[in-house]
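The exercises below concern one structure. Each task is followed by a worked solution.

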Amino acid sequence: METIQIIIPVFNEEENIENIVNEINIYTKSNDNFKILIIDDGSRDKSWEIIKTLSEKDNVNGIRFTRNFGKDAAILAGLIQCKSDYA
């Protein structure tokens with residue numbers, strides 16, 4: 001079965017991460033083939049702590065950058081790490 005992985009780059013988005021994951025899960029709830037990969041691009045807020053908590057769920061994984069490299073680098077890291085038929 002084909003897997004779709006959704007890549008989400010974030011930078012200081014602690015107020016939005018949980019909401020976007022919940023929204024994605026609402027629409028993909030009936031399909032176990034969706035995975036979410038969140039790349040923390042060196043956030044200085046609590047984004048990484050939220051990502052770690054969400055990654056306890058089966059469909060969420062995270063990558064953490066030590067500093068801000070930019071959105072393009074975060075997306076590229078997600079694509080490299082992606083274990084999906086579609087990203």
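**Exercise 1.** How many aromatic pairs does a search of the whole structure find?

Solution. The model is predicted, so local features need pLDDT of at least 70 and side-chain atom pairs count only at pLDDT 80 or more, while totals for chains, interfaces and linings use all residues. Residues are numbered from 1 along each chain as its sequence is written, and side-chain values use heavy atoms, with hydrogens and water left out.

Step 1. Apply the criterion: rings of Phe, Tyr and Trp (its six-membered ring) pair if their centres lie within 6.5 Å; planes under 30 degrees apart are stacked, over 60 edge-to-face, and the rest tilted.
Step 2. The search of the whole structure yields one aromatic pair. The partners are F65 and F69, 5.4 Å apart centre to centre, with 90° between the planes, and the pair is edge-to-face.
Step 3. Classify the two residues by relative accessible area, where buried means under 20%, exposed over 50%, and partly exposed in between (1.4 Å probe, protein chains only). F65 has 14% and is therefore buried. F69 has 43% and is therefore partly exposed.

**Exercise 2.** Determine the strand order of the sheet and the sense of the pairing.

Solution. Step 1. Helices (H or I, at least four residues) and strands (E, at least two) are DSSP runs, numbered from the N terminus; two strands pair if DSSP finds at least two bridges between them.
Step 2. Three strands give an open sheet with the order β1-β2-β3 and parallel pairing. At the edges are β1 (4-10) and β3 (60-64), each of which pairs on one side only.
Step 3. Parallel pairing joins β1 and β2 over seven bridges, and β2 (residues 34-40) and β3 over five bridges.
Step 4. Register the strands by residue. D40 of β2 is the bridge partner of V10, and D40 also stands opposite R64 in β3. Further along, I36 faces V60 in β3 and L37 faces N61 in β3.
Step 5. Check the cover of β2: six of its seven residues are buried.

**Exercise 3.** What is the handedness of the unit made by β1, α1 and β2?

Solution. Step 1. A crossover is right-handed if, with the strands pointing away from the viewer, the path from the first strand over the helix to the second runs clockwise.
Step 2. The unit of β1, α1 and β2 is a right-handed β-α-β unit. A right-handed β-α-β unit is also made by β2, helix α2 (residues 47-54) and β3.

**Exercise 4.** At what angle do α1 and α2 pack?

Solution. Step 1. Axes are lines fitted to C-alpha atoms, for helices over the stretch in contact, and angles run from 0 to 180 degrees between N-to-C directions.
Step 2. The angle between α1 and α2 is about 30°, and the axes are 10 Å apart.
Step 3. Angles under 35 degrees count as roughly parallel, over 145 as roughly antiparallel, 65 to 115 as roughly perpendicular and the rest as oblique, so α1 and α2 are roughly parallel to each other.
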